[in-house]
Amino acid sequence: MDIFYHPHMDREIESLIERIHPPRVCIDNDSCRECTVVKVDSANKHGILLEMVQVLTDLDLIISRSYISSDGGWFMDVFHVTDQAGKKLTDETLMLHIQQKLCTTRRKGNISSDEDDETTSEPYGCDGPHSLQNTALEMTGLDRPGLLSEIAAVLAELGCTVTSGMAWTHNDRAACIIYVEDALKAGPIKDPIRLGHVQEQLQNVVEAHGDIGERKSVRLRNLAVGRTHTERRLHQLMYADRDYESCRACHGESSGEHKKGCDGTHVSVSRCKDKGYWVVNVRSRDRPKLLFDTVCVLTDLHYVVFHAAIRSKSSMAEQEYFIKHAVAGACLDEESERQKLILCLIAAIERRVSHVRLIPPTIKGLRVDIRTKNRTGLLSNVTRVFRENGLSVSRVEIGTQGDNAVGSFFVTDCSGQQVNPNIAELVRQECGGTVFTDHKSPYRVPKSSSSSLLAMDETTNNLVAKPIVSIGNMLWSQIERLSGSFGSIRS
């Protein structure tokens with residue numbers, strides 16, 4: 001299913017309005033003791049909220065509270081942000097970069113999510129080596145142990161070097177985006193015959209263990225300058241694969257109620273008749289990038305956010321959106337449409353952390369962080385070690401920095417047992433490096449695949465393994481808990 005948006009305003013008129021009323025960004029460290037307050041005023045357009053949130057999350061900032069208003073032709077937003085340690089922003093260079101990035105992003109034009117434009121748009125991050133042009137593999141299908149290993153082996157055999165990539169699994173479905181280059185000469189694979197051959201071989205891998213009629217998709221193509229985001233594209237791929245259909249709402253979903261002490265995801269949709277809005281309330285475990293994931297869904301389903309309030313409360317996050325559909329006449333009057341929106345929001349919240357949520361407390365998965373010299377076949381070698389030791393890869397984030405490959409692999413035992421702690425040493429023997437088992441990894445996947453702009457430690461080749469349980473605690477974050485009232489939005 002293709003996701004697209006038809007703008008209501010002529011782009012030349014929109015550009016004129018932006019020149020007359022350029023965006024204004026204010027970063028305030030005085031009005032709040034715990035957080036840095038980022039205020040954005042700008043002419044309104046479809047997708048602007050997602051653009052703003054994307055800039056902040058790409059910088060690894062934690063958004064603990066936000067108020068949004070975009071009624072009429074003007075957009076006003078307030079974000080309360082901290083760094084990953086829960087501290088206010090003090091780096092003047094970083095704050096200047098935020099101002100420049102928010103203004104630059106605002107002037108780039110509408111976010112493109114049309115995946116069919118082969119030459120003028122690219123649905124991926126606008127930073128990193130694949131910004132100019134690169135060959136990208138998009139795959140969705142049934143998840144199974146060894147799938148990534150088989151895909152990586154085919155790419156290596158056909159002379160494709162992996163430069164970066166990301167993969168998610170959710171509800172027994174898998175989606176990945178892998179950027180590759182020609183192993184013989186750096187750059188995209190331009191020969192259409194060769195592209196077709198590589199795609200055909202990858203399709204054979206994905207179809208090998210699937211049933212007739214099983215949903216699956218494999219696409220290999222060259223991409224031009226991009227305007228969207230790898231993680232947003234993964235959301236779109238999984239939505240098109242209908243992973244949300246297997247989601248289950250918590251008790252009390254339709255009424256917006258939730259059991260006391262329940263830390264599941266609760267979503268409700270109700271009608272605000274006096275203002276003509278639909279009100280979406282989301283309550284879930286708090287974690288980084290939660291706001292980005294929910295706004296992605298609303299934007300790609302063509303919902304316009306007119307007002308919103310987001311806050312953290314203890315370990316939970318509460319989000320309230322006042323929305324209308326971007327298409328005139330479309331609405332949520334049908335119960336089926338409301339249920340679809342609810343399930344899509346639940347899916348978006350679960351995709352990034354489903355590998356943590358589904359692991360029983362008594363069973364420890366493992367996160368393996370690797371940094372070593374990049375080479376053709378490296379991803380194939382690493383994932384082959386996982387496959388041969390009965391491990392399933394549930395999430396992957398890989399990239400390159402200079403001549404080095406950097407990546408994070410979340411693995412679990414296929415039989416439900418504890419992951420062999422020696423797996424880190426086995427991977428080290430395969431790819432080289434030094435193993436750390438009791439220390440936090442000093443490595444981050446670079447901007448080319450993870451959208452992180454923070455620097456990574458420059459040290460020797462290393463491979464790090466640590467329990468997923470600690471990652472779960474990290475995902476729920478150390479955000480300062482701020483309370484707020486939604487009452488003013490209703491008035």
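Buried means under 20% relative accessible area. Keep that cut-off in mind for this predicted model.

**Whole chain**

Start with everything shown. The protein chain has 491 residues, and buried ones make up 56% of them. Its secondary structure comprises 14 helices and 17 strands. Color by solvent exposure next. The accessible surface comes to about 21300 Å², with 51% of that belonging to carbon and sulfur atoms. Among contacts with a separation of 6 or more, 74% link residues 24 or more positions apart.

**Strand 9 and its hairpin**

Select residues 266–272. This is strand 9, mostly covered, with 5 of its 7 residues buried. Add residues 277–285, which are strand 10. The two run antiparallel and are joined by 7 bridges. Pick out two pairs across them. Arg 271 has Trp 278 of strand 10 as its bridge partner. His 266 stands opposite Arg 283, also in strand 10. Now move to the turn. Strands 9 and 10 form a hairpin with 4 residues between them. In that turn, Gly 276 has a positive phi of about 80 degrees.

**The sheet**

Widen the selection to the sheet that holds this hairpin. It is open, with 8 strands in the order 1-2-4-3-11-12-10-9 and antiparallel pairing. Which strands sit at the edges? They are strand 1 (24–28) and strand 9, each pairing on one side only. Look along the sheet for its twist, which averages 20 degrees from one strand to the next.

**Two helices on the sheet**

Select residues 48–58 for helix 2. Helix 2 packs on the sheet and touches strand 2 (36–43), strand 3 (62–69), strand 4 (74–82) and strand 11 (303–313). Its direction makes about 20 degrees with that of strand 4.

Then select residues 290–300 for helix 7. Helix 7 also packs on the sheet, touching strands 3, 4, 10, 11 and 12 (316–325). Its direction makes about 20 degrees with that of strand 12.

Go back to helix 2. How many of its residues are buried? The count is 11 of 11. Among them are Ile 48, Glu 51, Gln 54 and Asp 58. Step past the end of helix 2 to Asp 60, whose phi is positive, near 60 degrees.

**Cysteines**

Finish by showing the cysteine sulfurs. The structure holds 0 disulfides. For Cys 247, the nearest cysteine sulfur is that of Cys 344, 8.3 Å away. A disulfide needs the two sulfurs within 2.5 Å. Is Cys 247 buried or exposed? Cys 247 is buried, at a relative accessible area of 3%. Cys 414 is partly exposed, at 41%.

Technical notes
Residues are numbered from 1 along each chain as its sequence is written. This is a predicted model: local features need pLDDT of at least 70, side-chain atom pairs count only at pLDDT 80 or more; totals for chains, interfaces and linings use all residues. Side-chain values use heavy atoms; hydrogens and water are left out. Buried means under 20% relative accessible area, exposed over 50%, partly exposed in between (1.4 Å probe, protein chains only). Contact means heavy atoms within 4.5 Å. Accessible areas come from the Shrake-Rupley method with a 1.4 Å probe; for residues, only the protein chains shown count as cover. Two strands pair if DSSP finds at least two bridges between them. Axes are lines fitted to C-alpha atoms, for helices over the stretch in contact, and angles run from 0 to 180 degrees between N-to-C directions.
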